[in-house]
Amino acid sequence: MKGRRHERRLRRRSIGLVTALATAVACGGGQTRLNLFSTSWEDDGGASIARVWQRVGSKPIPPSADVVIGIAGHADKMVGLPLGGGSKWTFAHPIETRPIVAGGVVVGSGGGEAFALDATTGQVIWRRSTGQIALLGAGDDGTVTVASFRAANSSGSVLLAIAHDGQIVRQIETGVPLGAPAVVDRLAFVPWDGQYISVVDLLNGDEMARVTLRDETSRAWTEEGSLWFGGVAFTRFDEHIRDASKGKASRATIKVPVLPGEPKLMRSANSPVMALADAQDKVKLYARPKATGDGVAIEDGRWYGTYFRLAMGFDASAGRLGWVHLNGSDFVGASAASGGIVLCDEQGKVTELDGKSGAVLSEQDLGEPVKACVVNVDARAATGSPTGAQTFEGQLAEAVLADDPQLVGIQKVLLRELAGTTDEAATKALVDLASDPRTSPELMPAARTALAARRTGARFMEAALARHYDFLKDVLRAPPVGPIAQALGAMKDRSAAPLLASHLFDPADTDDDVMRAAEALAVVAGPDELPAMRQFFGMYRATAADDNVAAAVVSVGRALLALDGAQGRTRIDTAAKDPMTVEYARDGLGELLAAPSQEPGDAGKKK
Amino acid sequence: MRALSASALALALTLPAAAAGASDERPVGAKTATAPPRSAPLPRDTIKRLKGSDPAQVKAALDDVRLAAKDGAPAVPAITEVLRAGLSPTLTQAAIETLADTESETASDVLAWYSRHRNVVLRRAAVQALGKTRGTVATKALRASLSDPDAAVRGTAATALGGMSARDAVDDLFIALDHKVAEAAASIGQLCAAQECDRLASELGRVPFDIVTSGLDQVLFRGGKDVSDDLKVKIIGRVRELGTGEANRFLREVQGKWLPAWSQRVKQAIDQAVMATSGSPGSGGAR
């Protein structure tokens, strides 16, 4: 019974799709049902695709529009912002899938129809009723738009070729999952099944060539005067495409370090992208391929990433972070350009960043908050005078200090970067981070560890040590005494001694902090600290509540042995023999007295 | 009017602070009104036992000093010495409490040490003791303890500052009051000059009524040399303006404690205020 119901349901779905297509086809065009997208195809060694290259390789491919498209309102309005100048435009229409900029048009779908707008003016070029099928991708060569669709609740796909006069040139339905097509000289380049590109002649609907790619591929598009295929890498349609099945096509990819959220360079085009931006739009990678004399490279040797309201620039060869830019709101769309990146945020702000430094080159505005954003940059190069340039350390500091819980994942990565620099500004940022009560508990251990490892910026650490818990002054968090003490002790910073001594007596400091402060004092203390150390030793040698404080007693004992002459030795000797001295300290002090010589800090270390 | 009657004195001694009354008089002979605490003589070997290594002997010696109370003052240097050298937590607490009983200012220095100990029990004991040993060292330590992480330590420090007439601490006590250290109000009431007392009264409506009036109560019962009748009448007027049931109850309590020999002008203001607020909701009706 269950199986029969399922069969009936599938049949109904199929009928629904056919009905939708029948509606779409009713206005003209020939329906093609050839042996397209057949999986029984045998690799022809690149012969057919080489013929296509011969035919269109020398054809000029015009640049696509440099434009930002915002989806605004209740996903019922598009706002277009031509980046090269020109007026903003709006287009009111239900929008159910993410619009696509293809050539000079914007293709969208929703409300039971698909449409193409002039990307520069927002004027309708064509609109067709499609029923409930979802837009996957589109290409346009200036005369015809080729768009792929996925039927709702079905694995079937539809390829429509629509001339700019609105006539359907070709309609192809298939059971295989199609990706996002491109069109050059009335030839549709259609990715499918994650690995094939079929070339469909729109004049007769024949599959005139096919190529197998060795990378996961679901997209075809034109950019920088070339035709590209991609998914996880960029493959250029050039004379080497014939050897693609042997893995010898012109291709480039980016080396991505482990990043939180596992951002992707390209979203699979085998499934429709919903109109509203989601986490994948906010956490994403961007790069622009470029043809070189001997193949393909990544433009400017840089790729970019967004993580909510952070944008980052990476070196393409090593995958090393080069800059970070903190924005006021989450980025929901971007496009790598020559010389930089153009980003669009939830507030509708469009920011162009310098690829080298991350500094702001220009800012524009869509005029209203957006639910999603599509940025398309082709011919436009990011140029201009950067403003608000910061040092890399300053950028990192600003980013890790941002009070934004959703950034914690990337802040851990940035914190590692910050810890790797020697700049004093990094020390200051780490002190601030470890001192701030708003710092995420997920970030705090890493911040403290990084701070303890610092060997520069002593003045910032000393300034922090000068602060103490003070209820009446609303200082309700002690500074990160432990890691600072470790760093200053390692730096043998004697000027920190009085500050460290003062923290021996702050009841708001943790036991670990006190232990670390005492360890550092054992290294940096001088005669001026003797009164404080004698006081601490007396107060705690018999009242230390745990091993950390007892270890602090031993560390201070070590300093007293070194600095307080015979009086100090007598004090330690007496304490070591007194049953009232806590056991841990008694043992440690006994060892101190027995040891012929001590390395600084050894005596106080917790067992 | 020159002096309070015996019965008035007895009542005055039950009032919040060193109860005051007549507009120009403070209670006299208060210390003789009750018998001085009996103290036992300090055994001769007390100091030797204090410096010994046997914890039981040290404890016994501390007990002897406590029994001697103020007469145990000769043992204070020895106790401070052993505290500086270090004792177990139990003995440390006993030593701190013993120093408190001696009320010896020379103990304040070592008590100030322990007012910053990590053990909050020892900290509370030290702060309490500082309120008894007094002196500038104690005042400084107690003012610092107003910022302690522990609420009980802060409250004890505030109370101690009021009890030891630490006039310099009034500003700190106001900050403490702003930070919800309720005990600061009573101490401000004990220490405030006219302008400061008025400032305390102005906290009515902002700080909970019971807290502010714990301080105003102190002001109203201070002697006339400390606080003028004008100020007392002004304060009564401020409470009266509230017109609430709790204001009426407070005024009635003050009225009940106001002795006939004390300022008639203030009494008249109290009586009028009680009448004016008697109809307030929750006042319990006019008397």
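Ala188(A) is buried in this predicted model, because 27 other C-beta atoms lie within 10 Å, and a residue counts as buried at 20 or more. Ala188(A) belongs to strand β14 of chain A, which covers residues 187-192. Beyond the neighbours within four places in sequence, the contacts of Ala188(A) are Val146(A), Leu159(A), Ala161(A), Pro181(A), Val183(A), Val200(A) and Leu202(A). Glu96(A) is 92 residues away from Ala188(A) in sequence, and the C-alpha to C-alpha separation of the two is 24 Å.

Another part of chain A holds an open sheet of four strands, in the order β5-β6-β7-β8, with antiparallel pairing. Its edge strands, β5 and β8 of chain A, each pair on one side only. From one strand to the next, the twist averages 20 degrees. Strands β5(A) and β6(A) run antiparallel and are joined by three bridges. Within this pairing, Ala102(A) has Val105(A) of β6(A) as its bridge partner.

The strands of chain A for which residue ranges are given here are as follows.

| Strand | Residues |
|---|---|
| β5(A) | residues 100-102 |
| β6(A) | residues 105-110 |
| β8(A) | residues 124-129 |
| β14(A) | residues 187-192 |

Chain A also meets chain B: 18 residues of chain A are in contact with 25 residues of chain B. Helix α12 of chain A, residues 530-540, supplies three residues, the largest share of the side of chain A that touches chain B. By class, that side of chain A has 11 nonpolar, three polar and four charged residues.

Technical notes
Residues numbered from 1 in each chain as written. Chains lettered and ligands numbered in written order. Predicted model: local features only at pLDDT ≥ 70, side-chain atom pairs only at ≥ 80, totals over all residues. Pairing = 2+ DSSP bridges. Helix = DSSP H or I, 4+ residues; strand = E, 2+ residues; numbered from the N terminus. Axes fitted to C-alpha atoms, helices over the stretch in contact; angles between N-to-C directions. Buried ≥ 20, exposed ≤ 12 C-beta atoms within 10 Å, placed from the backbone. Contact = placed C-beta atoms within 7 Å. Nonpolar A, V, L, I, M, F, W, Y, C, P; charged D, E, K, R; others polar.
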